[in-house]
Amino acid sequence: MLIRRPSDILPSEITPRSVYLNRRQLMGGAAGLAFAAGFPGSSGAASLTTVKSPFSTDEKLTGREDVTSYNNYYEFGVAKEAPATYAKSLKTTPWTVKVDGLVGKPAEFSVDDLIKTSTLEERIYRLRCVEGWSMVIPWDGFALADLIKRVEPLGSAKYVAFETANRPEEMPGLQSMFPVLDWPYVEGLRLDEAMNPLAILAVGLYGDPLPNQNGAPIRLVVPWKYGFKSIKSITRISFVEKQPETSWNRQASDEYGFYANVNPSVDHPRWSQKTERRIGEGGLFVKRRPTLPFNGYAEQVAQLYSGMDLRKFY
Ligand SMILES: Nc1nc2c(c(=O)[nH]1)N[C@H]1C(S)=C(S)[C@@H](COP(=O)(O)O)O[C@H]1N2
Ligand SMILES: [Mo]
């Protein structure tokens, strides 16, 4: 008898939904390429035109391979290599970012338009994860302040709330029975932090459009804060009066504060923040680097926190 009961079917015989989505995405990608080849005018994976920024560090860049294969993007799994595999299922075109709340001119921007109408800069920044590793990444993006000015925040707007796409169909982590975080991923900044010229919305890295695992098509980069503040694949930006909730703060408020400024003198309960390991610097005997206050950007941002006890507001 060849009819098998569900309990006879090995788990390995069932194609996980995420894998299935990947296959479809691969097929879609191949078709897209053929289309681009046939019609030279279309801009499939066009590289980005940028100007250099005085805010860039001149440290050695972390290799593209490391930047795009060692990621935190929990919507696609918690393993560092998971996003590079599974984030392919996220459909990033077309994409719009809704900007609303306490603003004079609420709007819905398409990412293509934002790229066309913004001054794109190459910003080489250190990214320091609270887990104790860091990278140096050449981002391509524009000042968050430029977008903020376009929507004309009202005087009552004190904070900016950000939200990642909420698409269980395309994000396997959102289908889990035991979700790691309360989806969608949300983050926030105080308005003056968001207006600081160091804060950017990135649409690319290494001169190419962002790979999905790094937060395509648009993500925040706030270099003086731990990596988790830099929310990926943003669909909504809202201006609000009260400090917004953030995913990590909601999940473990004793581990992840709202401010999350890189601070070597305030340790995370599970990881020291005094030093860091630069990704790509292999070998057992490579020395860890000292972590700098505000990730080395103190000169530009320390004044935002004058008078605040950063042990309390970590
Ligand atoms: N939506 C979303 N954004 C996210 C995360 C995430 O899991 N989901 N991880 C954060 C963390 S912890 C880090 S360190 C950075 C990593 O960015 P990278 O993978 O481009 O280096 O993304 C941040 N943004
Ligand atoms: Mo992180």
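These are my notebook entries on a ligand site and on some backbone features in a predicted model.

**Entry 1: the shell around ligand 1**

I began with ligand 1 and looked up which residues surround it, and I found 17 of them, with Asn 71, Tyr 74, Glu 75, Ser 230 and Lys 232 as the closest. I then sorted this shell by the character of its residues, which gave eight nonpolar, six polar and three charged. When I turned to the pockets of the protein, I noted that ligand 1 takes up the space of the second largest one.

**Entry 2: polar atoms beside the ligand**

Next I looked up individual atom pairs between the protein and ligand 1. For Lys 232, a polar side-chain atom is 2.7 Å from an oxygen atom of the ligand. For Ser 230, the partner is a polar backbone atom, and it lies 2.8 Å from a nitrogen atom of ligand 1. For Thr 164, I found a polar side-chain atom at 3.0 Å from a ligand nitrogen atom. I also checked how much of the ligand is covered: taken alone it exposes 540 Å², and the protein buries 98% of that.

**Entry 3: two cis peptide bonds**

I moved on to the backbone, keeping in mind that most peptide bonds are trans. Where is the bond from Thr 93 to Pro 94, and is it cis or trans? I found that this bond is cis, with omega near -10°, and that Pro 94 sits in the loop between helix 3 (82-86) and strand 2 (96-101). A cis bond also joins Ala 216 and Pro 217, where omega is about 0°. I located Pro 217 in the loop that runs between strand 9 (208-209) and strand 10 (219-221).

**Entry 4: two residues with positive phi**

Most residues other than glycine have a negative phi, and with this in mind I looked up two residues. Glu 152 is not a glycine, yet its phi is positive, near 55°, and I placed Glu 152 in the loop between helix 5 (144-151) and strand 6 (159-164). Ala 260 likewise has a positive phi, of about 55°, without being a glycine, and its loop lies between helix 7 (247-251) and strand 12 (275-278).

Are these residues buried or exposed? For Glu 152 the relative accessibility is 40%, so I entered this residue as partly exposed, a class that lies between 20% and 50%. For Ala 260 the relative accessible area is 3%, and therefore I entered Ala 260 as buried, since that word applies under 20%.

Definitions and conventions
Residues numbered from 1 in each chain as written. Chains lettered and ligands numbered in written order. Predicted model: local features only at pLDDT ≥ 70, side-chain atom pairs only at ≥ 80, totals over all residues. Heavy atoms only, no water. Near = heavy atom within 4 Å. Polar contact = N/O pair within 3.5 Å; in protein donor to acceptor, adjacent residues only side chain to side chain. Areas by Shrake-Rupley, 256 points an atom, 1.4 Å probe, with all protein chains shown as cover. 1 Å grid on protein atoms, 1.4 Å probe; cavity = no way out; pocket = protein on both sides within 12 Å on 5 of 7 lines; lining within 4 Å. Sits in = over half its atoms within 2 Å of the grid points. Nonpolar A, V, L, I, M, F, W, Y, C, P; charged D, E, K, R; others polar. Helix = DSSP H or I, 4+ residues; strand = E, 2+ residues; numbered from the N terminus. Buried < 20%, exposed > 50% of the residue type's maximum accessible area, 1.4 Å probe, protein only.
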